[in-house]
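Student: Could we go through this model together, beginning with how its strands are arranged?

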Amino acid sequence: MTEWLPFSPEGERVRLRPPGYGDEPALIEMATDPHVRSYIGGPIDPTVAAANAMQKISAQAWGQFVIVGRVSGEVVGSGSLARKRGPWEVSYQLRRAYWGHGLAGEAVELIRVWFFENLDENLLIATTQRANDRSKRLLSRAGAVFAGTFEQYGLVQERFEFHRGGHPPLCPDA
C-alpha cells in the first residue's frame with residue numbers, strides 16, 4: 001500500500017494532512033453538530049465523539065485526513081479514503097462555519113488528484129443522500145459522474161464516480 005499522505009497536498013486555500021494532536025475540538029464539533037451530521041446519521045454523543053477523535057489521532061489510520069485552512073492553520077473539516085462499498089470511496093465533512101466557500105470542493109479535488117497519482121486504481125467513488133443537494137452539486141463540479149442510486153439506512157443514496165482520466169470507461173456494447 002502506498003504511504004498515506006507523505007506530504008500535505010495543498011490547494012489555494014486548504015491543505016490536507018493526517019489528524020494530529022490539537023485537532024480534537026474541531027473533530028468533536030463536527031461529530032456533535034446536527035447540521036454537519038444531518039445527512040450522515042445525526043449528531044454523536046459528545047463523549048463518544050471525543051473518544052472517536054482521540055482514536056483518529058492516536059491510531060493514525062491510512063486514509064484519514066483533516067482539511068486545514070492554509071492561512072489560518074485551523075482545521076476546517078475532515079474526511080477519509082476507505083473501501084466501504086467495494087471501490088475506494090472519499091468522504092468529507094466541513095465545520096458549519098466554513099460551508100459555502102468552496103473549501104470542500106478544493107479538498108475533494110486534492111484527494112482525487114492524490115488518489116490517481118499515487119494508487120493504481122481507475123475508480124474513486126463518493127456517495128451522498130439523495131436529499132443532500134449541496135454535496136451532489138459539489139461532486140458534479142469536482143468532475144464526478146452520477147452513477148446510480150441505492151438504499152442504505154432506509155434512505156436513497158446516490159453514487160458518484162471519479163474515473164482516471166476524467167471519463168467513465170466506454171460500454172463495450174456502445
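Student: In what order do the strands form the open sheet?

Tutor: This is a predicted model, in which local features need pLDDT of at least 70 and side-chain atom pairs count only at pLDDT 80 or more, while totals for chains, interfaces and linings use all residues. Residues are numbered from 1 along each chain as its sequence is written, and side-chain values use heavy atoms, without hydrogens and water. Strands are DSSP runs of E with at least two residues, numbered from the N terminus, and two of them pair if DSSP finds at least two bridges between them. The seven strands have mixed pairing, and their order is 1-2-3-4-5-7-6.

Student: Which strands stand at the edges?

Tutor: An edge strand here has a single partner strand, so one of its sides is left without a neighbour in the sheet. That is the situation of strand 1 (14-17) and strand 6 (145-152).

Student: What does the twist average from one strand to the next?

Tutor: Axes are lines fitted to C-alpha atoms, and angles run from 0 to 180 degrees between N-to-C directions. From each strand to the next, the twist averages 30°.

Student: Which residue of strand 5 does Trp88 stand opposite?

Tutor: Strand 4 and strand 5 run parallel and are joined by two bridges. In strand 5, the residue opposite Trp88 is Leu124.

Student: Which residues lie nearest the centre of the largest pocket?

Tutor: The lining of the largest pocket comprises 50 residues, each with an atom within 4 Å of a pocket point. Nearest the centre lie Val36, Ile40, Ser91, Tyr92 and Gln93.

Note on methods
1 Å grid on protein atoms, 1.4 Å probe; cavity = no way out; pocket = protein on both sides within 12 Å on 5 of 7 lines; lining within 4 Å. Helix = DSSP H or I, 4+ residues; strand = E, 2+ residues; numbered from the N terminus.
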